[in-house]
Every structure is written in C-alpha cells, then in structure tokens.
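Colleague: I should like to understand the terms used for this protein. Could you take me through them in order?

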Amino acid sequence: MKDDRSLQELELLVVARLYGLAEARGVVAKHLQDQTLHETQEVASVEEQPRTDALHPLASRASRLVPSMNWDELRETVRTCQLCGLCKQRKQAVFGVGHESAPWLFIGEGPGADEDEQGEPFVGQAGRLLDSMLAAVGIQRGREAYIANVVKCRPPGNRTPTPQEAAACAPYLDRQIELIKPRLIVALGKTAATRLLDTEASLASLRGRVHRYKGTPLVVTYHPAYLLRSLPEKAKAWEDLVFARRVLRESA
Ligand code: SF4
C-alpha cells in the first residue's frame with residue numbers, strides 16, 4: 001500500500017508539474033492524505049519490511065515515467081526517490097553535476113561520504129584526482145564535462161552497489177544521458193562499465209577500445225578511488241584519457 005502511494009506521488013508530481021502547478025508537492029500531498037484514512041487499517045496489519053537490495057516493485061513502472069521528464073522533474077524525483085534500500089541511510093541523493101549539454105560524460109559508481117555530505121559527485125580525494133586528470137587533458141568540470149554516478153545514493157560503508165540497486169537507479173542515469181546527449185561517455189571503474197555495457201568482462205579487457213552505449217561512443221578507465229590505492233595504474237588512466245580525447249576528436 002505504501003508502495004502504491006509512492007508511485008501515485010511520483011505520477012501526480014509529474015502531472016502537476018506538467019500543468020504548471022507551482023505547489024505541485026502540496027497538491028500531491030493533499031490527494032494522498034485523502035486516501036490515508038481508507039488505508040490505515042490495512043497498513044497496520046502489515047509489518048513494515050525493510051527494503052533490501054531486491055529490485056523495488058515500482059521500479060519498472062517508474063521507468064515508464066522517467067523517460068519523459070525534464071531536468072527539474074528528474075532532479076526532484078531523484079531527490080525524493082525511495083526505489084531501493086540506499087535511500088535509508090543517505091543524507092541526500094547526489095544527482096550529478098556539470099554542463100547539461102557537455103560533450104564529455106563521466107560516470108562513476110556511487111556517492112561516498114563527502115559526496116553524501118555535500119550533494120555533489122566526486123568532491124573528496126578521488127574527486128580532486130579526477131579534476132586534475134581532466135585538467136591535464138584540457139577538460140574543466142562544469143564546462144566541458146558532466147559527472148554522474150550509477151547510483152545516486154551512498155551505499156553504506158562505500159560498498160559496491162548491488163546489481164539490483166544499479167538497476168533501480170538505471171532510469172535516472174539513462175534519462176541524464178538522453179538529456180545531455182554527450183559525444184563521449186567515460187565509464188569510471190568496473191561498476192559503471194558493467195552497468196553501461198551489460199558485461200562482466202574485466203576492466204582491463206575493456207580498456208583501450210571504443211564501445212557504444214545506445215550509439216554513443218564509450219571508453220572505459222579506472223575509477224579515481226582505485227587509482228588512489230594503486231598509483232602505478234595512474235599512467236594507464238592517463239593513456240585512457242588521451243585515447244578518449246582522440247576518440248572524441250575523431251567523432252567530430
Ligand atoms: S540509489 Fe537511485 S534508485 Fe536507489 S533510492 Fe537512490 S535515487 Fe532511488
């Protein structure tokens with residue numbers, strides 16, 4: 001029952017916004033409030049189950065709404081999303097940052113503690129490394145690049161997101177990609193590569209080649225957090241970025 005209310009809220013929020021209702025959330029809240037009395041008895045009889053990493057039953061229905069959202073609708077939907085268990089411990093969802101028509105799209109794994117705190121991807125030590133790597137190939141965050149993650153909410157203890165969590169969050173990332181229309185996607189690390197290429201192949205075997213994500217060229221490199229622990233791999237990441245820059249130039 002609570003799931004149905006969540007979906008209704010999502011649907012109504014979109015509809016209210018489409019009709020230009022400034023107080024969309026208030027309209028939705030009132031509509032849902034009207035139903036609450038009828039549902040109280042049933043809700044009370046069902047013990048609340050904590051969400052695990054199983055795919056939320058609303059995910060497939062939400063995925064039908066998300067592809068028509070604009071940036072504001074998408075941002076607000078992500079901000080209040082509860083489609084997977086990662087919503088439980090987040091301080092805030094981390095949507096993404098950068099130029100909304102950027103030629104470069106960098107996709108990492110998920111927010112860490114700093115990102116959860118500040119609401120922006122790649123702001124900690126790994127973020128500083130990413131920024132300096134981007135600067136080395138002439139890319140500036142917010143100007144030529146957009147940065148997002150496979151999941152928008154921090155996995156507890158910075159663990160790897162489960163495939164179910166990545167799947168629940170997939171419509172949001174897919175919609176970001178559609179809206180940005182990047183000329184090149186760079187998958188940062190195995191989680192991003194697995195999600196976007198639907199393969200379990202090793203990261204090493206995916207590097208140095210041009211892949212495609214729904215027609216957009218995609219290259220794979222190491223996640224900056226991994227590079228912080230494995231300094232010798234930095235040279236390989238540099239090679240990957242130089243390769244990516246060449247791919248982008250040749251695609252012009
Ligand atoms: S990780 Fe994605 S699907 Fe899960 S709660 Fe956050 S925004 Fe929703």
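Modeller: A residue is near a molecule if its C-beta atom, placed from the backbone, lies within 6 Å of it. Of the 14 residues around the ligand, those that come nearest are Cys81, Cys84, Cys87, Cys153 and Cys169. The model is predicted: local features need pLDDT of at least 70, side-chain atom pairs count only at pLDDT 80 or more, and totals for chains, interfaces and linings use all residues. Residues are numbered from 1 along each chain as its sequence is written.

Colleague: Which helix gives the most to the shell around the ligand?

Modeller: Helix H7 (residues 163-180) does, with three residues. Helices are DSSP runs of H or I with at least four residues, strands are runs of E with at least two, and both are numbered from the N terminus.

Colleague: How do you know that the span of helix H11 agrees with its number of residues?

Modeller: The expected span is 1.5 Å times one less than the number of residues. The 17 residues of H11 (residues 234-250) should therefore span 24 Å, and its end C-alpha atoms are 24 Å apart, which agrees.

Colleague: What makes a residue of H11 buried or exposed?

Modeller: A residue is buried if 20 or more other C-beta atoms lie within 10 Å of its own, exposed if 12 or fewer, and partly exposed in between, with C-beta atoms placed from the backbone. In H11, the buried residues are Ala237, Asp240, Ala244 and Leu248. They cover an arc of only 75 degrees around the axis (taken from the directions from the axis to the C-beta atoms), so they lie on the same side of H11. Exposed residues on the face turned away from that side include Ala235 and Arg246.
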